[in-house]
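Biologist: Could you take me through one part of this model in detail? I would like to start with the enclosed space inside it and then follow whatever helix leads on from there.

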Amino acid sequence: MSGPVSGPAPVPPDTKDWTWVLDRPCEECGYDASTVSVADLPHLIRANAVVWLGLMGVPEVAERPQPDVWSPLEYAAHVHDVHQVFHERLIAMMTEHEPHFPNWDQDSAAVAGRYDQQVPAIIGPTLVAAAYAVGDVYASVPDDDWGRKGVRSDGSVFNIASLGRYHLHDIEHHLHDVAYLADRVTIAAYDQHSEEYAAGTAVMPDEVHSNLIRFVNMVGTEARVLEIGTGPGRDAQEMERIGLSVRRTDVSQGFVDRLHAGGFLADLVDPLTDDLTDPLRGGAPYDGVWANASLLHVRRDALPAVLGRLADVTRPGGALHLTLKGGDGARWSVHGNVGAPRFFTFWREEPLREHLAAAGWEVDEVQHGMSEPVGRPSEEWLAVFATRR
């Protein structure tokens, strides 16, 4: 989904007919048009734009990952133009009888618009403005008008509902195209918003407390526990109040610094690459691992390695508790207690069980629950309890 632009190398033009994404999930990004309500289009389009705005602050935003692949900046410039094109087509469908749309050559538009020479601090806000403008138009569509039609230059017939879903796939797919930025952008989001996150998660939900008590019963009240993703330290403090010894770790320097300022020992640790052995006990294995709402940021292809590394530092019979978001695919989000883009991977129970078993864990139970966030749809959560074989 990219085209030739000015720069060190041309980008191969995209010749695919992407209208099939209206009939079945996208095999590349996981987008499923059948799950999208037209009532949600304004919100989803605006939320997508806020992610792009955050990505424009990445220092490497203008660098191409490969000579013939657009940079995140170039993709953002394209997304800005996509909003404008769909805005024009939406207005035409609402005011004319089955309008015919002229061909839009996105590859020529990239050259003419000099996407590679755009300024991130400008393209970010203008993209947001374009997204909010077209989102307002979608929000104004009367219930009886979603079936109004328009015809593309290649003969493809859309109604307003299918146009909106096609539009949303285009911009969501391009966030998938820049998912290689996920780790650094997600960590930066926590670094920059550690105080807001701490304030928003200060009260432990009842279900988390229930899971914590079950975990304590599995490992014993004198256990030594490795916590992955300590964050502000709420869970660690509760476990220590009960009697456990907790090694606090996080990938966010902002959280680690905050813990140090509070007088706690904490280590900056990436569970995929850093040494996980216990420095305070000469490398003796842990009695358990607590990973509440932290491994949900790990890329799908990396989670099996992380689960294996956690098993390697846990004694036989030791316990693992982790929570992940339920669902399919992976995507960016600006929801929750952090007002900056973060990348989440979603899991189904069966493949998760397979990875846990292959890593050396015996799954005791996978609980399914639903969150009830304010102002956005509920989300499924998977809570895993497992024992080291």
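Modeller: Happy to! In this predicted model, the largest cavity is lined by Phe86, Arg89, Phe101, Arg152, Phe158, Leu163 and Tyr166. Two elements, H2 and H5, each give two or more residues to that lining. By class, the lining holds 5 nonpolar residues and 2 charged ones, with no polar residue. The space inside is about 30 Å³, and a search of the whole structure finds 1 cavity of 30 Å³ or more.

Let's follow H5 from here. This helix covers residues 160–177. With 18 residues, H5 reaches 26 Å from its first C-alpha to its last, close to the 26 Å expected at 1.5 Å a residue. Its N-terminal end is capped by asparagine 159, which has a side-chain oxygen 3.1 Å from the backbone nitrogen of alanine 161. Because 14 of its 18 residues are buried, H5 is largely enclosed by the rest of the structure.

Histidine 169 is a good residue to pick out along H5. Its relative accessible area is 1%, under the 20% cut-off, so histidine 169 counts as buried. Tryptophan 18 is 151 residues away from histidine 169 in sequence, yet their C-alpha atoms are 9.3 Å apart in space.

H5 also has a part in the largest nonpolar core. That core has 59 residues, and those touching the most other members are Trp52, Leu55, Met56, Leu90, Tyr138, Trp146 and Trp332. At least two core residues come from each of H1, H2 (72–95), H3 (106–112), H4 (120–139), H5 and H6 (182–192). H2 gives the most, with 10 residues. So that you can place the two helices together: H2 and H5 are also the elements that give two or more residues to the cavity lining.

Finally, H5 takes us to an open space, the second largest pocket, with a volume of about 1200 Å³. Of the 38 residues that line this pocket, Thr35, Leu44, Glu172, Arg331 and Phe346 are the closest to its centre. Helices H1 (41–55) and H5 each supply at least two lining residues, as do strands S7 (314–326), S8 (330–333) and S9 (342–347). The largest share, 5 residues, comes from H1. Here the lining has 16 nonpolar, 12 polar and 10 charged residues, whereas the cavity lining has no polar residue.

Definitions and conventions:
Residues are numbered from 1 along each chain as its sequence is written. This is a predicted model: local features need pLDDT of at least 70, side-chain atom pairs count only at pLDDT 80 or more; totals for chains, interfaces and linings use all residues. Side-chain values use heavy atoms; hydrogens and water are left out. On a 1 Å grid over the protein atoms alone, a cavity is a set of points where a 1.4 Å probe fits but cannot get out, and a pocket is an open set with protein on both sides within 12 Å along at least five of seven lines; lining residues have an atom within 4 Å of a point. Grid points are joined across faces, edges and corners, and a volume is the space filled by probe spheres set on the points. Helices (H or I, at least four residues) and strands (E, at least two) are DSSP runs, numbered from the N terminus. Ala, Val, Leu, Ile, Met, Phe, Trp, Tyr, Cys and Pro count as nonpolar, Asp, Glu, Lys and Arg as charged, and the others, Gly among them, as polar. The expected span of a helix is 1.5 Å times one less than its number of residues. Buried means under 20% relative accessible area, exposed over 50%, partly exposed in between (1.4 Å probe, protein chains only). A polar contact is a pair of N or O atoms within 3.5 Å; within protein, one must be able to donate a hydrogen and the other to accept it, and residues adjacent in sequence count only if both atoms are side-chain atoms. A nonpolar core is a set of buried Ala, Val, Leu, Ile, Met, Phe, Trp, Tyr and Cys residues joined through side-chain atoms within 4.5 Å.
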